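Hello,

Here is the structure I promised to pass on to you. My notes follow below it, so please have the model open while you read.

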Amino acid sequence: MNKMAENLMHALQYSCYGGGAAGLKHVEVPVPAPNQGEVLLKLEATSLNPVDWKIQKGMLRPVFPVKFPHIPATDVAGEVIKVGPGVTNFKAGDKVVGTLNHFIGGGLAEFAVAKESLTVARPPEIPAAEGAGLPIAGLTAHQALTQSAGVKLDGSGKQVNLLITAASGGVGQYAVQLAKLGNTHVTATCGARNMDLVKSLGADEVLDYKTPDGVTLKSPSGRKYDAVIHCATGIPWSTFEPNLSANGKVIDITPGPRALLTFAMKKLTFSKKQLVPMIIKPKKENLDYLVKLVKEGKLKTIIDSKYPPSKAEEAWAKIMDGHATGKIIVEP
Ligand SMILES: NC(=O)c1ccc[n+]([C@@H]2O[C@H](COP(=O)([O-])OP(=O)(O)OC[C@H]3O[C@@H](n4cnc5c(N)ncnc54)[C@H](OP(=O)(O)O)[C@@H]3O)[C@@H](O)[C@H]2O)c1
């Protein structure tokens with residue numbers, strides 16, 4: 001192998017907006033070099049998130065314009081190969097979990113550069129795939145519960161009645177488990193095939209979203225919700241409203257134009273019931289906390305399926321389909 005070939009890596013990339021799974025091409029590209037504050041990782045697992053295909057579709061163009069060609073995916077577990085200038089917390093050989101910059105991506109490749117500031121150590125007892133599931137999905141669940149819904153995960157505080165929609169999905173599975181570390185009563189929605197799984201994650205009651213009660217979101221025990229961690233899409237405010245307690249709020253993690261309008265209306269009319277649009281702000285200390293919970297056996301990653309990089313297009317089609325149970329992983 002000549003020097004040139006040694007510095008190339010296999011990756012999947014797309015070169016324009018749209019195209020879905022067929023838009024991903026297998027390519028050989030140079031191994032990236034870590035800059036100031038960055039680490040170069042040999043990737044051991046990458047998890048996909050719906051935002052990955054939404055970026056490809058151009059849906060987030062105002063916020064996330066992409067420079068083509070683009071290697072998608074951000075949530076990774078791997079081994080540090082090299083550290084850039086100024087990196088003090090990691091050295092070659094360290095096992096880590098991290099989330100890559102959404103503008104740059106890089107997760108569907110053999111190697112990727114990650115910011116030290118969004119990378120945490122991964123203890124040996126956590127398999128790469130379990131770790132790679134955590135960043136976006138786990139941190140979104142954590143932020144929605146702790147910041148937006150005010151749940152204290154140490155179990156202190158008064159009981160909060162929660163509804164978690166799409167509890168079988170990437171975010172929902174973590175939300176149920178994290179919520180039950182706090183003083184909460186959790187009603188969860190999912191499809192019939194996942195009701196036992198969601199119960200096993202700790203949900204107190206589970207609704208099949210395709211049944212009449214599931215459609216109306218009525219708690220089987222008659223509770224009103226203090227907060228809804230809304231991980232599904234397409235449910236109007238009018239469905240939530242009668243199920244909320246006096247100061248109940250819906251934390252919408254996929255806020256479209258209709259949700260933003262409701263948010264504005266509720267604010268303007270000083271409504272006690274609120275819709276809260278939420279966008280994740282990843283924080284290293286929270287990722288560290290999630291990794292610690294996994295190590296302690298208090299949190300786990302449900303894995304929908306694993307694909308080798310040679311079949312990453314199938315993983316892409318699966319995340320676009322929107323019916324994963326837990327996380328979809330690409331693993332060499
Ligand atoms: N705001 C942010 O920063 C942020 C961060 C992360 C994710 N998100 C967004 O949050 C949403 C969820 O993400 P995710 O990773 O959890 O998605 P996901 O893993 O693709 O969710 C799939 C799951 O949702 C279930 N589901 C679909 N519609 C449902 C409904 N009406 N009621 C109950 N369950 C339903 C599916 O069950 P079946 O297969 O049985 O249909 C499936 O198990 C996405 O729109 C994503 O873009 C936003």
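The domain assignment splits the chain into domain 1, made of 3-133 + 301-330, and domain 2, which covers 140-277. Please keep in mind that this is a predicted model. Between the C-alpha centres of domain 1 and domain 2 there are 29 Å. Where the two meet, 6 residues of domain 1 are in contact with 6 residues of domain 2. On the domain 1 side of that contact, the residues sort into 2 nonpolar, 3 polar and 1 charged.

There is also a record to set beside this. UniProt, in an unreviewed entry, lists residues 19-330 as "domain: Enoyl reductase (ER)". Across residues 19-330, helix accounts for 28% of the chain and strand for 27%, and the C-alpha atoms at the two ends are 20 Å apart.

Now to the ligand. Which residues come nearest to the ligand? Of the 30 residues around the ligand, they are Gly169, Gly170, Gly191, Ile280 and His323. Both domains take part in this shell, with at least three residues drawn from each of domain 1 and domain 2. As for secondary structure, at least two residues of the shell come from each of helix 2, helix 4 (135-148), helix 5 (170-179) and strand 9 (184-190). The shell around the ligand has 15 nonpolar and 15 polar residues, with no charged residues.

Two of those shell elements, helix 2 and helix 4, also pack against other helices, and I looked at both pairs.

How do helix 2 and helix 11 cross? The axes of helix 2 (residues 50-57) and helix 11 (residues 312-321) come within 9 Å of each other, at a crossing angle of roughly 95 degrees. Angles of 65 to 115 degrees count as roughly perpendicular, so that is the description for helix 2 and helix 11. Helix 2 brings Pro50, Asp52 and Trp53 to the contact, and helix 11 brings Trp316, Ile319 and Met320. Of the residues in this contact, 5 are nonpolar, 1 is charged and none is polar.

The other pair is helix 4 with helix 10 (residues 284-295), whose axes come within 10 Å and cross at roughly 100 degrees. Helix 4 and helix 10 are therefore also roughly perpendicular to each other. Pro135, Gly138, Leu139 and His142 make the contact from helix 4, while Asn286, Leu287 and Leu290 do so from helix 10. This contact divides into 4 nonpolar and 3 polar residues, with no charged ones.

Finally, two spots in the backbone deserve a look. Most residues other than glycine have a negative phi, and most peptide bonds are trans. Phenylalanine 68 and proline 69, however, are joined by a cis peptide bond, with omega at about -10 degrees. Proline 69 sits in the loop that runs between helix 2 and strand 4 (75-83). The other spot is leucine 217, a residue other than glycine with a positive phi, near 65 degrees. Leucine 217 belongs to the loop between helix 7 (212-216) and strand 11 (225-230).

Happy to talk any of this through whenever it suits you.

Best wishes

Definitions and conventions. Residues numbered from 1 in each chain as written. Predicted model: local features only at pLDDT ≥ 70, side-chain atom pairs only at ≥ 80, totals over all residues. Axes fitted to C-alpha atoms, helices over the stretch in contact; angles between N-to-C directions. Helix = DSSP H or I, 4+ residues; strand = E, 2+ residues; numbered from the N terminus. Parallel < 35°, antiparallel > 145°, perpendicular 65-115°, else oblique. Contact = placed C-beta atoms within 7 Å. Nonpolar A, V, L, I, M, F, W, Y, C, P; charged D, E, K, R; others polar. Near = placed C-beta within 6 Å. Domains from an automatic or database assignment. UniProt positions renumbered as here; feature names shortened; annotations may be inferred.
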